[in-house]
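Let us walk through this structure step by step. Keep the sequence and the model side by side.

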Amino acid sequence: MATYLSIDDGLMRALGYLDDADSATIARMTMVLAAAKHYVQGAIGESTTFYTLDDVKELYTLACNSLAVTWFNAAGDTGDASTAQQIIGQLRGSYSEVVAHNDTNEDSQQA
């Protein structure tokens, strides 16, 4: 899995922490963010470039942070991840278009 995100002010703010998070809290944030990234990338598809595209990165970050917040606040319970699921659906459509576009370009270059 490619790593594109790290703990930042946006996630810390969403969790209610800014400068007062201890190392155990940061470690837990890092763990749930890593799990969220695995989940989102597993649901959409593996790519070395897709998640860094300008029109994708913001939605990808939102989906990962949404899941991370849900999982952080409800340890052991997946909770309501409907926002992330809706975003994943949008990203799947974009991913399919990018993959189809890349496959078409590769086919035309081989011809």
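From the N terminus on, the elements run α-α-α-α. The model is predicted. There are four helices and zero strands. Of the protein's 111 residues, 33% count as buried. The exposed surface comes to about 6,600 Å². Carbon and sulfur atoms supply 49% of that surface.

How do the contacts spread along the sequence? Take the contacts between residues at least 6 apart in sequence: 69% of them join residues at least 24 apart.

Start with helix α2, residues 23-44. Its 22 residues reach 31 Å from the first C-alpha to the last. That is close to the 32 Å expected at 1.5 Å a residue. Which residues of α2 are buried? They are Thr25, Met29, Val32, Leu33, Ala36, Lys37, Val40, Gln41 and Ile44. These residues cover an arc of only 165° around the axis, so they sit on the same side of α2. The helical repeat explains such a pattern. An α-helix has 3.6 residues a turn, so residues three or four places apart point the same way. Now turn to the face of α2 directed away from the buried side. That face carries the exposed residues Ser23, Ala24, Met31 and Gly42. Just after α2 comes glycine 45, which takes a positive phi of about 150°.

Next, the interior. In soluble globular proteins, nonpolar side chains tend to be buried together. Here the largest nonpolar core has 27 residues. Val40, Ile44, Phe50, Tyr60, Cys64 and Leu91 touch the most other members. Which elements give two or more residues to this core? They are α1 (9-15), α2, α3 (54-73) and α4 (82-110). The largest share, nine residues, comes from α3.

Two neighbours in sequence show what surrounds this part of the chain. Leaving aside residues up to four places away in sequence, cysteine 64 touches Leu5, Leu33, Ala36, Lys37 and Val40. Among these partners, Leu33, Ala36, Lys37 and Val40 belong to the buried residues of α2. Asparagine 65 is found in helix α3. Is asparagine 65 buried or exposed? Its relative accessible area is 16%, so asparagine 65 is buried. With the same sequence neighbours left out, asparagine 65 touches Leu11 and Leu33.

Now look at the aromatic rings. A pair of aromatic rings is described by the distance of the centres and the angle of the planes. A search of the whole structure finds four aromatic pairs. Tyrosine 39 and tryptophan 71 form one that is edge-to-face, with 5.8 Å centre to centre and 90° between the planes. This pair links distant parts of the chain. Tyrosine 39 lies in helix α2 and tryptophan 71 in helix α3, 32 residues apart. Tyrosine 39 is partly exposed, with a relative accessible area of 36%. Tryptophan 71 counts as buried, at 18% relative accessibility.

Phenylalanine 50 and tyrosine 51 also form an edge-to-face pair. Their centres are 5.1 Å apart, with 80° between the planes. Phenylalanine 50 counts as buried, at 1% relative accessibility. Tyrosine 51 counts as buried as well, at 0%. Which residues join them in one aromatic cluster? Tyr60 and Tyr95 do, alongside Phe50 and Tyr51. Phe50 and Tyr60 also appear among the core residues that touch the most other members.

Methods. Residues numbered from 1 in each chain as written. Predicted model: local features only at pLDDT ≥ 70, side-chain atom pairs only at ≥ 80, totals over all residues. Heavy atoms only, no water. Buried < 20%, exposed > 50% of the residue type's maximum accessible area, 1.4 Å probe, protein only. Contact = heavy atoms within 4.5 Å. Areas by Shrake-Rupley, 256 points an atom, 1.4 Å probe, with all protein chains shown as cover. Expected span 1.5 Å × (residues − 1). Arc of directions from axis to C-beta. Core = buried A, V, L, I, M, F, W, Y, C linked by side-chain atoms within 4.5 Å. Phe/Tyr/Trp six-rings, centres within 6.5 Å; stacked < 30°, edge-to-face > 60°.
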